[in-house]
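Reader: Could you take me on a close look at one part of this model? I would like to hear about the paired strands and what surrounds them.

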Amino acid sequence: MDKEKLYLEVPKFTGENVPVNVAARVMKKDPQFIRQGLILGFLTFGVAFKKEGSSQYDYYISPMKFWQETGYVYDGAES
């Protein structure tokens with residue numbers, strides 16, 4: 001029962017990035033699904049961007065937007 005919590009108020013968020021691997025685990029998806037969803041824009045809880053001159057993307061998943069879409073509160077732990 002401790003895994004299920006009812007929030008009557010918006011939880012506190014630090015703004016710390018939700019790691020792609022955590023988002024994938026919560027959503028029961030492959031991490032590449034999360035990455036591609038952010039790149040293509042159909043997952044709206046974060047952004048993907050490519051630095052100038054780089055071929056790799058950086059990802060930011062907003063803890064608050066992720067909570068709003070999934071109900072999962074990221075507390076900074078990668079568990």
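Author: Happy to; what follows starts with the whole chain, moves to the hairpin, and then visits the residues around it. Please keep in mind that this is a predicted model.

First, the setting. The protein chain contains three helices and two strands, and along the sequence they come in the order α-α-β-β-α. The C-alpha trace spans about 45 × 25 × 20 Å along its principal axes. Of the 79 residues, 24% are buried. Among contacts with a separation of 6 or more, 48% join residues that are 24 or more positions apart. The accessible surface amounts to about 5,900 Å², and carbon and sulfur atoms supply 51% of that.

Now to the part you asked about. Strand β1 covers residues 46-50 and strand β2 covers residues 57-61, and the two pair in the antiparallel sense over five bridges. Together they make a hairpin, with six residues between the strands. In the turn, Gly53 has a positive phi of about 85°. Two of the pairings can be named here: Phe49 stands opposite Asp58, and Lys50 has Tyr57 as its bridge partner in β2. As background while you look along the strands, side chains in a regular strand alternate between the two faces of the sheet.

Asp58 deserves a second look. Besides standing opposite Phe49, Asp58 forms a salt bridge with Lys51, and the closest N and O atoms are 3.6 Å apart. The structure holds one salt bridge. In general terms, side chains of opposite charge can pair when their charged atoms come close. Asp58 has a relative accessibility of 31%, so this residue counts as partly exposed. For the chain as a whole, there are 10 positive and 10 negative side chains, and the centres of the two sets lie 3 Å apart.

Across in strand β1 you will find Ala48. Its relative accessibility is 21%, so Ala48 counts as partly exposed; the cut-off for buried is under 20%. Leaving aside residues up to four places away in sequence, Ala48 touches Leu38, Ile39, Tyr57, Asp58 and Tyr59. Asp58, the salt-bridge partner of Lys51, is thus one of the residues that Ala48 touches. Looking back along the chain, the C-alpha atoms of Ala48 and Arg35 are 7.6 Å apart, with their positions 13 residues apart in the numbering.

Next, step back to Phe45, in the loop between α2 (31-40) and β1. Phe45 counts as buried because its relative accessibility is 1%. Not counting residues up to four places away in sequence, Phe45 touches Met27, Leu38, Tyr60, Ile61, Ser62, Lys65, Phe66 and Glu69. Leu38 also appears among the residues that Ala48 touches. Farther along the chain, Phe45 and Thr70 are 25 residues apart, and their C-alpha atoms are separated by 9.6 Å.

The strands also have company from the beginning of the chain. Glu16 lies in the segment before α1, and its contacts beyond four places in sequence are Tyr60, Ile61, Pro63, Tyr74 and Gly76. Tyr60 and Ile61 are also among the residues touched by Phe45. The C-alpha atoms of Glu16 and Tyr60 are 8.8 Å apart, although the two residues are 44 positions from each other along the chain. Glu16 is partly exposed because its relative accessible area is 40%.

Helix α1 (residues 20-27) brings in the last neighbour. Val20, Val22, Ala23 and Ala24 are buried in this helix, and the buried residues of α1 pack against α2, β2 and α3 (63-70). A general point helps in reading such a helix: residues three or four places apart point the same way, because an α-helix has 3.6 residues a turn.

Just after α1 comes Lys28, in the loop between α1 and α2. Lys28 has a phi near 55°, a positive value in a residue other than glycine. Most residues other than glycine have a negative phi. Lys28 is exposed, because its relative accessible area is 72%.

To retrace the route: the hairpin joins β1 to β2 over five bridges, Asp58 links to Lys51 through a salt bridge, and β2 is also one of the elements against which the buried residues of α1 pack.

Technical notes: Residues are numbered from 1 along each chain as its sequence is written. This is a predicted model: local features need pLDDT of at least 70, side-chain atom pairs count only at pLDDT 80 or more; totals for chains, interfaces and linings use all residues. Side-chain values use heavy atoms; hydrogens and water are left out. Two strands pair if DSSP finds at least two bridges between them. Helices (H or I, at least four residues) and strands (E, at least two) are DSSP runs, numbered from the N terminus. A salt bridge is a side-chain nitrogen of Lys or Arg within 4 Å of a carboxyl oxygen of Asp or Glu. Buried means under 20% relative accessible area, exposed over 50%, partly exposed in between (1.4 Å probe, protein chains only). Contact means heavy atoms within 4.5 Å. Accessible areas come from the Shrake-Rupley method with a 1.4 Å probe; for residues, only the protein chains shown count as cover. Lys and Arg count as positive and Asp and Glu as negative; His and the chain ends are not counted. The place of a charge is taken as NZ of Lys, CZ of Arg, CG of Asp or CD of Glu.
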